[in-house]
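Subject: Structure handover

Hello,

Here is the structure I promised to pass on. Please open it beside this note and follow along.

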Amino acid sequence: MTDARPAAVVVLAAGEGTRMRSATPKVLHELAGRSMLGHVVATARALAPEHLVVVVGHAREQVAAHLAGLDAEARPVVQEPQNGTGHAVRVALDGLDHLEGTVVVLLGDAPLLTADAVRVLVAEHERAGAATTLLSSLVDDPTGYGRVLRDAEGQVLRVVEHKDATDEERAVREVATGVYAFAAGPLREALGRLSTDNAQGEEYLPDVVGLHRAAGLRLHAVTAPAAETGGVNDRVQLAAAARLLRDRLLQQHMRAGVAVVDPETTWVDADVVLAPDCTLLPGVQLHAGTTVATGAVVGPDSTLRATRVGEGARVVRSHVDGAEVGPGATVGPFTYLRPGTVLGEGAKAGAFVEVKASEVGAGSKVPHLSYVGDAVIGDRTNIGAGTIVFNYDGRQKHRTRIGSDAKVGGHNSLVAPVEVGDGAYTGAGTVVREDVPPGALAVSENTQRTIEGWVAQKRPAATPGES
Ligand code: UD1
Ligand code: CA
């Protein structure tokens with residue numbers, strides 16, 4: 001494969017995407033944790049073009065702002081009004097006067113295309129010395145796509161849009177994917193001659209194919225699998241594309257040594273890093289920014305976002321967002337870890353525990369039914385069942401410090417800001433409002449009174465054995 005860099009890659013992203021029926025511009029809808037535009041711009045960037053131009057129009061401020069976050073070097077060009085894909089490319093080239101070489105056009109709503117497929121397109125285009133090389137696919141249901149019409153010798157004649165096609169043309173299952181490689185000069189020349197005399201009253205980019213053929217220029221076609229070229233026009237197609245991408249990403253991970261027990265119920269975003277020999281059990285969703293180290297097991301039924309899971313750690317049936325789970329640490333079942341949570345090596349956040357912006361030191365345990373907010377807990381400390389570390393006094397959040405080797409009794413309330421020293425103990429049910437020095441025991445005054453015979457006297461009907 002050649003490394004030929006295209007002179008320009010033009011990404012079309014100006015359309016409204018009415019078929020999505022959404023207030024969000026179509027190219028900003030996400031799959032695998034990235035916008036469609038994000039996927040396409042990543043593909044474009046991988047080709048290392050001299051110019052990367054993105055045509056924006058509908059909701060242009062929003063799309064351009066998103067683009068700036070994706071790729072600071074990509075240049076947005078405004079198409080107003082949005083008068084078709086051919087018009088869009090014409091507008092994109094307006095600012096590139098002396099462009100020579102290969103121009104690649106990608107669609108903002110075709111997010112599955114790989115850089116490798118486009119490299120093949122460019123290499124074939126340049127090898128053939130073609131004016132236009134189109135990327136086509138054979139599909140089972142070509143509805144909505146432009147059809148590739150060929151002559152008796154199999155040479156490409158032109159592309160006809162679905163809405164303009166006859167029934168006979170609609171029966172053709174070879175579709176134009178909307179992705180092309182063009183020679184800059186002939187492209188510019190043909191774009192100046194596009195008509196709007198068609199079903200949509202727009203300047204169609206695919207008409208360049210027919211114009212080049214009529215001018216006797218060389219045409220070429222490269223075919224790619226439909227799983228890479230599908231366009232997304234509505235939410236049904238978005239979900240289908242997301243499944244295809246999910247399968248592709250999981251296959252890459254499995255080939256790299258990740259155990260995915262049930263690929264059908266496992267979703268891993270594009271920006272997730274998985275080490276060999278980690279295991280994903282059924283029902284796991286790993287969102288952008290998550291990393292899982294070797295030997296760690298995640299699942300079943302867990303959702304992790306922007307979370308680092310250390311070597312040999314275990315996350316069971318939990319929701320984890322913006323946390324760090326140390327090596328050998330255990331989380332779950334039914335645990336909620338919120339941003340800023342750091343579990344040290346071998347630490348535990350057990351069943352029905354919520355932790356927010358807190359450090360739980362190495363070997364420390366919060367085993368059952370607790371809330372820990374804005375706290376720092378040292379090493380090897382145990383937090384008794386049902387303990388709440390309050391962080392909010394109704395006006396402000398405060399921090400709590402609990403030292404190492406401490407034992408906080410069951411059902412304690414720690415009212416921040418408060419400190420429990422190293423090695424200190426607190427009795428069951430203690431309300432800790434004042435600092436507990438290292439090595440001390442704190443107990444609350446909640447003395448139990450026992451009244452002998454109270455039930456027989458006050459609740460005679462309920463006396464055991466007398467019902
Ligand atoms: C287009 C192609 C069709 C191809 C299909 C592949 C045309 C006329 N048709 O049809 O041959 O089979 O893609 O998915 O090109 N856009 C602009 N400015 C515009 C109009 C569209 O930037 O004025 C952008 C859209 O944002 C979108 C892309 O171009 O990202 C394609 O437009 P869309 O309206 O979705 O075209 P299709 O009907 O899917
Ligand atoms: Ca489309």
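A polar contact here is a pair of N or O atoms within 3.5 Å. By that cut-off, an oxygen atom of ligand 1 and a polar backbone atom of Ala176 make such a contact, at 2.5 Å. Please keep in mind that this is a predicted model.

**The ligand**

Start with ligand 1. Ala14 also offers a polar backbone atom, and an oxygen atom of ligand 1 is 2.9 Å from it. Asn233 takes part through its side chain: an N or O atom there is 3.3 Å from an oxygen atom of ligand 1. How much of ligand 1 does the protein cover? On its own, ligand 1 has 760 Å² of accessible area, and the protein covers 91% of that.

Where does ligand 1 sit? Its place is the largest pocket. Three elements give two or more residues to the shell around it: β1 (8-13), α3 (85-94) and β10 (174-183). In total, 23 residues surround ligand 1. The closest are Gln79, Gly84, Thr85, Glu161 and Ala176. By type, the shell holds nine nonpolar residues, 10 polar ones and four charged ones.

**The sheets**

Now turn to the strands. One open sheet has nine strands with parallel pairing. Its order is β14-β17-β20-β23-β26-β29-β32-β35-β38. Why do β14 (273-274) and β38 (418-420) each have one side without a neighbour in the sheet? They stand at the edges and each has a single partner strand, so one side of each is left free of a neighbour there.

Look inside this sheet at β23 (residues 324-325) and β26 (residues 342-343). The two run parallel and are joined by two bridges. Val325 stands opposite Leu343 in β26.

Another open sheet has 10 strands, again with parallel pairing. Here the order is β13-β16-β19-β22-β25-β28-β31-β34-β37-β40. Which strands are at its edges? They are β13 (267-268) and β40 (431-432), and each pairs on one side only.

In this sheet, two bridges join β22 (residues 319-321) to β25 (residues 336-337). These strands run parallel too. Val320 stands opposite Leu337 in β25.

**Backbone points to check**

Most peptide bonds are trans, and most residues other than glycine have a negative phi. Three places are worth a look on that account.

- Glu80 and Pro81 are joined by a cis peptide bond, with omega at about -5 degrees. Pro81 lies in the loop between β5 (75-78) and α3.
- Gly332 and Pro333 are also joined by a cis peptide bond, and omega is about 0 degrees. Pro333 is in the loop between β24 (330-331) and β25.
- Ala59 is not a glycine, yet its phi is positive, at about 50 degrees. Ala59 lies in the loop between β4 (51-56) and α2 (60-70).

Two elements link these topics. α3 gives residues to the shell around ligand 1 and also bounds the loop that holds Pro81. β25 pairs with β22 and bounds the loop that holds Pro333.

Best wishes

Notes:
Residues are numbered from 1 along each chain as its sequence is written. Chains are lettered from A and ligands numbered from 1 in the order in which they are written. This is a predicted model: local features need pLDDT of at least 70, side-chain atom pairs count only at pLDDT 80 or more; totals for chains, interfaces and linings use all residues. Side-chain values use heavy atoms; hydrogens and water are left out. A residue is near a molecule or strand if one of its heavy atoms lies within 4 Å of it. A polar contact is a pair of N or O atoms within 3.5 Å; within protein, one must be able to donate a hydrogen and the other to accept it, and residues adjacent in sequence count only if both atoms are side-chain atoms. Accessible areas come from the Shrake-Rupley method with a 1.4 Å probe; for residues, only the protein chains shown count as cover. On a 1 Å grid over the protein atoms alone, a cavity is a set of points where a 1.4 Å probe fits but cannot get out, and a pocket is an open set with protein on both sides within 12 Å along at least five of seven lines; lining residues have an atom within 4 Å of a point. A molecule sits in a cavity or pocket if more than half of its atoms lie within 2 Å of its grid points. Helices (H or I, at least four residues) and strands (E, at least two) are DSSP runs, numbered from the N terminus. Ala, Val, Leu, Ile, Met, Phe, Trp, Tyr, Cys and Pro count as nonpolar, Asp, Glu, Lys and Arg as charged, and the others, Gly among them, as polar. Two strands pair if DSSP finds at least two bridges between them.
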